[in-house]
Amino acid sequence: MAYEFEGKTIEADKNGYLVNLDDWSEGLAKHIAASEDGVGELTDKHWDVINFLRDEYLNNAGNQPNMRNIAKALAKVWGQKKVESKEVYDLFPAGPTKQAGKIAGLPEDKRKGGY
């Protein structure tokens with residue numbers, strides 16, 4: 001699989017995850033999000049999730065946080081006492097760790113779910 005973006009072919013694996021992390025850009029993220037079911041145009045809250053996942057992966061030894069850790073981090077960013085999983089699933093209906101990770105240009109998270 002590959003993405004055609006700005007006159008270039010960006011290689012991705014069979015599930016749509018980028019082969020090369022360095023190919024990622026905000027423009028490509030918007031392009032990928034447009035093709036993902038239920039995501040569409042990226043809002044500030046989408047970007048909060050994407051940026052958190054990228055920061056964790058790139059600056060924390062390849063960490064790919066689970067939903068519980070994503071919700072805890074977003075509560076701080078969004079100034080809420082608690083973020084419910086539903087709020088994040090509303091942004092990324094196919095699963096925040098996988099769908100947001102794909103849009104963030106990260107490798108596929110092999111986690112099965114849960115805590």
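Reader: How much space lies in the largest cavity?

Author: The model is a predicted one, and a search of the whole structure finds one cavity of 30 Å³ or more. The space in the largest cavity comes to about 50 Å³.

Reader: How do the residues that line the largest cavity divide into nonpolar, polar and charged?

Author: The lining is made up of Leu 53, Asn 63, Gln 64, Pro 65, Thr 97, Gly 101, Leu 106 and Asp 109. Glycine is counted among the polar residues in this classification, and the lining residues accordingly divide into three nonpolar, four polar and one charged.

Reader: Is Asp 55 buried, partly exposed or exposed, and with what relative accessible area?

Author: Asp 55 has its place in helix H2, which covers residues 44-59, and its side chain is joined to that of Asn 59 by a polar contact of 2.6 Å. Buried means under 20% relative accessible area and exposed over 50%, so Asp 55, lying in between, counts as partly exposed, with a value of 39%.

Reader: What distance separates the C-alpha atoms of Asp 55 and Ala 73?

Author: Asp 55 belongs to helix H2, and Ala 73 is 18 residues apart from Asp 55 along the chain. The separation of the C-alpha atoms of Asp 55 and Ala 73 is 12 Å.

Reader: Which residue has a backbone nitrogen that lies 2.9 Å from a polar atom of the side chain of Asn 66?

Author: Asn 66 is placed in the loop between H2 and helix H3, the latter spanning 67-78, and it counts as buried because its relative accessibility is 10%, where the cut-off is under 20%. The backbone nitrogen at 2.9 Å from a polar atom of the Asn 66 side chain is that of Asn 69.

Reader: Which residue lies over the face of Trp 24?

Author: A search of the whole structure finds zero aromatic pairs, but charged groups do sit over rings: Lys 102 lies over the face of Tyr 17, at 5.4 Å from the ring centre. Over the face of Trp 24, at 3.8 Å from the ring centre, lies Arg 54.

Reader: What is the phi of Ala 61, a residue other than glycine?

Author: Ala 61 lies in the loop between H2 and H3, and it counts as exposed because its relative accessibility is 81%. Glu 6, in the loop between strand E1 (2-5) and strand E2 (8-11), also has a positive phi, of about 50°, although it is not a glycine. For Ala 61, phi is positive and near 55°.

Definitions and conventions: Residues are numbered from 1 along each chain as its sequence is written. This is a predicted model: local features need pLDDT of at least 70, side-chain atom pairs count only at pLDDT 80 or more; totals for chains, interfaces and linings use all residues. Side-chain values use heavy atoms; hydrogens and water are left out. On a 1 Å grid over the protein atoms alone, a cavity is a set of points where a 1.4 Å probe fits but cannot get out, and a pocket is an open set with protein on both sides within 12 Å along at least five of seven lines; lining residues have an atom within 4 Å of a point. Grid points are joined across faces, edges and corners, and a volume is the space filled by probe spheres set on the points. Helices (H or I, at least four residues) and strands (E, at least two) are DSSP runs, numbered from the N terminus. Buried means under 20% relative accessible area, exposed over 50%, partly exposed in between (1.4 Å probe, protein chains only). A polar contact is a pair of N or O atoms within 3.5 Å; within protein, one must be able to donate a hydrogen and the other to accept it, and residues adjacent in sequence count only if both atoms are side-chain atoms. Rings of Phe, Tyr and Trp (its six-membered ring) pair if their centres lie within 6.5 Å; planes under 30 degrees apart count as stacked, over 60 as edge-to-face and the rest as tilted. A charge sits over a ring if NZ of Lys or CZ of Arg is within 6 Å of the ring centre and within 35 degrees of the ring normal.
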